[in-house]
Amino acid sequence: MADNTFKVSIITPERTFYEGEATMVEFNTVEGEIGVLPKHIPLTTVIAPGICTITEAEGVKKAAVHAGLAEILPDKVTLLAEIAEWPDEIDVERARSAEDRARARLAEKDANLDVLRAEVALKKALVRQDLKAK
């Protein structure tokens, strides 16, 4: 491992989504976006739905990552994600339908509506569409 890289692992309940060497990884946390470089201070944080950008020596990879935990160490970053998807794994029509359903639920203002769940569903749908558009 070169001095300017670190190990990155993205693991979901279904699979090891990504393992490799990166010079930087960027993703969303519940407190905002974070960019991690080699020798970062140790940190554990909660992942929020968003686009994860992995900068490798060969180029950049982008994936949608939806919720989970991140452990950052000086030589390794591990994302334990509920869902992780490459752009070619995303069905844009399905994401648009999910966006429409979430917006409709939020607009109804039903007293029994789980607002947080509807907002998360909307965010996931938007992240999927945003990643596919890039």
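**Close-up 1. Strands β5 and β7 run antiparallel and are joined by 5 bridges.** Strands are DSSP runs of E with at least two residues, helices are DSSP runs of H or I with at least four residues, and both are numbered from the N terminus. Two strands count as a pair if DSSP finds at least two bridges between them. To find your way in this view, look for I47, which stands opposite G68 in β7. What you see here is a predicted model, in which local features need pLDDT of at least 70, side-chain atom pairs count only at pLDDT 80 or more, and totals for chains, interfaces and linings use all residues. Residues are numbered from 1 along each chain as its sequence is written, and side-chain values use heavy atoms, with hydrogens and water left out.

**Close-up 2. Strand β7 also pairs with β6 and with β8.** Strand β6 (residues 50-56) runs antiparallel to β7, with 7 bridges between them. Here C52 stands opposite A63 in β7. Follow the chain from β6 to β7 and you pass through a hairpin of 2 residues. Strand β8 (residues 76-85) is antiparallel to β7 too, and 9 bridges join the two. In that pairing, I72 faces V77 in β8. Another hairpin, again through 2 residues, joins β7 to β8.

**Close-up 3. A67 and K39 each have a positive phi without being glycine.** How large is the phi of A67? For A67 the value is about 65 degrees. You can find A67 in strand β7 (residues 59-73). A67 counts as buried because its relative accessibility is 16% (buried means under 20% relative accessible area, exposed means over 50%, and partly exposed lies in between, using a 1.4 Å probe and protein chains only). For K39, phi is near 70 degrees. K39 sits in the loop between β4 (32-36) and β5 (43-47). With a relative accessible area of 55%, K39 is exposed.

**Close-up 4. E19 and K7 form a salt bridge between two strands.** A salt bridge is a side-chain nitrogen of Lys or Arg within 4 Å of a carboxyl oxygen of Asp or Glu. A search of the whole structure finds 6 of them. In this one, the closest N and O atoms of E19 and K7 are 2.8 Å apart. The pair links distant parts of the chain, with E19 in strand β2 (residues 16-22) and K7 in strand β1 (residues 6-11), 12 residues apart. E19 is partly exposed, at 46% relative accessibility. K7 is partly exposed as well, with a relative accessible area of 28%.

**Close-up 5. R103 and E99 form a salt bridge within helix α1.** Where do these two residues lie? Both are in helix α1 (residues 92-108), 4 residues apart, which is about one turn of the helix. Their closest N and O atoms are 2.8 Å apart. R103 is partly exposed, with a relative accessible area of 42%, whereas E99 is buried, at 13%.

**Close-up 6. The side chains of E56 and K61 meet in a salt bridge.** The distance to look for, N to O, is 3.6 Å. Is E56 buried or exposed? E56 is buried, with a relative accessible area of 12%. Its partner K61 is partly exposed, at 34% relative accessibility.
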